[in-house]
Amino acid sequence: MFNVAIDGPAGSGKSTIAKEIAKIFNLYYLDSGALYRAFGYFLSKKGFDLNNENDIVKALKEFDVKIIDGDYYLFDEKLDFQIRTSEMGKAASIVAKNPLVREKVNEILRNISKKHGVVIDGRDIGTVVLPDAEVKIFLTASIEERAKRRYKELLEKGEKVEYEKIYDDIKKRDEADSTREIAPLKPAKDAIIVDTTGKNIETVVNEIKNIIIEKVKKDNNLE
C-alpha cells in the first residue's frame with residue numbers, strides 16, 4: 001500500500017491539505033484527530049469523566065467507530081459538527097494523553113492502512129502510527145497564522161470566539177503536544193517539513209503533490 005503521513009500542530013492545515021492530496025491520488029483520507037474527538041464525544045455522552053481511568057477503560061470496551069466513504073459513524077450516529085467544536089477539541093487533547101486511547105486509535109488507523117492506501121493526518125502518524133509510510137510530511141505555520149485560521153473557521157461555524165483566547169489555546173496546545181511523554185509532536189527523521197505560513201491551500205497542495213510524484217519516480221527508478 002502507498003501511504004502518506006501528514007503531521008503538524010493545531011491549525012497548520014493538515015486536514016484540508018490531506019483531503020485534497022487523498023483526492024488527487026485516489027487514496028483513503030483518515031483524520032486521526034476526528035477519532036480522538038469522537039472518543040471524547042462518546043465519553044461526554046455517557047456522562048463519563050475524561051480524566052478517569054476506569055471510565056476510559058469502560059468506554060473503550062464499548063467504543064465503536066466506523067468510517068464509511070470518508071464519514072465517521074459512532075454506532076449509527078454520523079459525526080460531523082458535534083465533534084468539531086472547540087469543546088471537543090479540548091476533550092480530544094485530554095483523552096489523547098491516555099496510552100490506552102492512543103493504542104485504540106492507532107489500531108483502527110493501522111488496520112485500514114493495511115487494506116487501502118491512505119493519507120492520514122495527525123500529530124504522531126509519521127513517528128508512531130505509520131513509521132514506514134512512503135511519504136512523511138510535517139506541516140507547520142506561525143502561531144499567529146494558525147490562530148487566524150482557527151478563528152475564521154469557528155466564526156464561520158457560528159461559534160462565539162475571541163482571537164486572543166484562540167491564540168493562547170493554540171500556544172498551550174503546542175506546548176502540551178510537544179512535551180507529552182507519549183508520542184510527542186515532532187517531525188519524523190525522514191519527514192519533509194513544509195511551512196504553510198503565507199501560502200494558500202492550492203500552493204501547499206501542489207508542493208506536496210510534487211513531493212509525492214518525485215518519491216514515486218525515485219522508488220520506481222523513473223528519474
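How many bridges join strand S2 to S6? Strand S2 (residues 28-31) is joined to S6 by 4 bridges, and the two strands run parallel. The views below come from a predicted model.

**View 1. Five strands form an open, parallel sheet.**
The strand order is S2-S6-S1-S7-S8. S2 and strand S8 (192-195) are the edge strands, and each of them pairs on one side only. From one strand to the next, the twist averages 20°. Strands of a sheet pair through backbone hydrogen bonds, and the pairing can be parallel or antiparallel. Here the pairing is parallel.

**View 2. Strand S6 pairs with S1 and with S2.**
Strand S1 (residues 4-7) and S6 are parallel and share 4 bridges. Look for alanine 5: its bridge partner in S6 is isoleucine 120. Next, find aspartate 7, which has glycine 122 as its bridge partner in S6. Now turn to S2. Leucine 30 has isoleucine 120 of S6 as its bridge partner. Isoleucine 120 is thus a bridge partner of both alanine 5 and leucine 30.

**View 3. Strand S6 is largely enclosed by the rest of the structure.**
Is S6 (residues 118-122) buried or exposed? Of its 5 residues, 5 are buried, so the rest of the structure largely encloses this strand. In a regular strand the side chains alternate between the two faces of the sheet. In S6, both faces are covered. Val118, Ile120 and Gly122 lie on one side, and they are buried. Val119 and Asp121 lie on the other side, and they are buried too.

**View 4. Helix H9 lies across three strands of the parallel sheet.**
Which strands does helix H9 (residues 201-219) lie across? They are S1, strand S7 (135-140) and S8. H9 runs at about 160° to S7. In the sheet order, S7 sits between S1 and S8.

**View 5. Three strands form an open, antiparallel sheet.**
The order is S3-S4-S5. Strand S3 (65-68) and strand S5 (77-79) stand at the edges. Each has a single partner strand, so one side of each has no neighbour in the sheet. The twist averages 35° from one strand to the next. Strand S4 (residues 71-74) pairs with S5 over 3 bridges, in the antiparallel sense. Leucine 74 is opposite glutamate 77, a residue of S5.

**View 6. Helices H3 and H5 pack roughly parallel to each other.**
Two packed helices are described by the angle between their axes and the distance between the axes. For helix H3 (residues 53-62) and helix H5 (residues 99-113), the angle is about 20° and the axes are 10 Å apart. Angles under 35 degrees count as roughly parallel, so H3 and H5 fit that description. Their crossing is left-handed. From H3, the contact takes in Glu53, Ile56, Val57 and Leu60. From H5 come Leu100, Val101 and Lys104. By class, this contact has 5 nonpolar, no polar and 2 charged residues.

**View 7. Helices H2 and H3 pack roughly perpendicular to each other.**
Helix H2 (residues 32-46) packs on H3 at an angle of about 110°, and the axes are 10 Å apart. Phe39, Phe42, Leu43 and Lys46 make the contact on the H2 side. On the H3 side are Asp55, Ile56, Ala59, Leu60 and Glu62. By class, the contact has 6 nonpolar, no polar and 3 charged residues. Ile56 and Leu60 of H3 also meet H5.

**View 8. Helices H7 and H8 cross obliquely.**
The axes of helix H7 (143-156) and helix H8 (163-179) come within 9 Å and cross at roughly 125°. That makes H7 oblique to H8. The crossing is right-handed. H7 residues in the contact include Ile143, Ala147, Tyr151 and Leu154. H8 residues include Tyr163, Ile166, Tyr167 and Ile170. By class, the contact of H7 with H8 has 8 nonpolar, no polar and 6 charged residues.

**View 9. Glutamate 159 sits in the loop between H7 and H8.**
What does glutamate 159 touch, leaving out residues up to four places away in sequence? Its contacts are Arg84, Thr85, Ser86 and Leu154. Leu154 of H7 also takes part in the contact with H8. Threonine 196 is 37 residues from glutamate 159 along the chain, and their C-alpha atoms are separated by 25 Å.

How values were computed. Residues numbered from 1 in each chain as written. Predicted model: local features only at pLDDT ≥ 70, side-chain atom pairs only at ≥ 80, totals over all residues. Heavy atoms only, no water. Pairing = 2+ DSSP bridges. Axes fitted to C-alpha atoms, helices over the stretch in contact; angles between N-to-C directions. Parallel < 35°, antiparallel > 145°, perpendicular 65-115°, else oblique. Left-handed = near helix turned anticlockwise from the far one by under 90°. Contact = heavy atoms within 4.5 Å. Nonpolar A, V, L, I, M, F, W, Y, C, P; charged D, E, K, R; others polar. Buried < 20%, exposed > 50% of the residue type's maximum accessible area, 1.4 Å probe, protein only.
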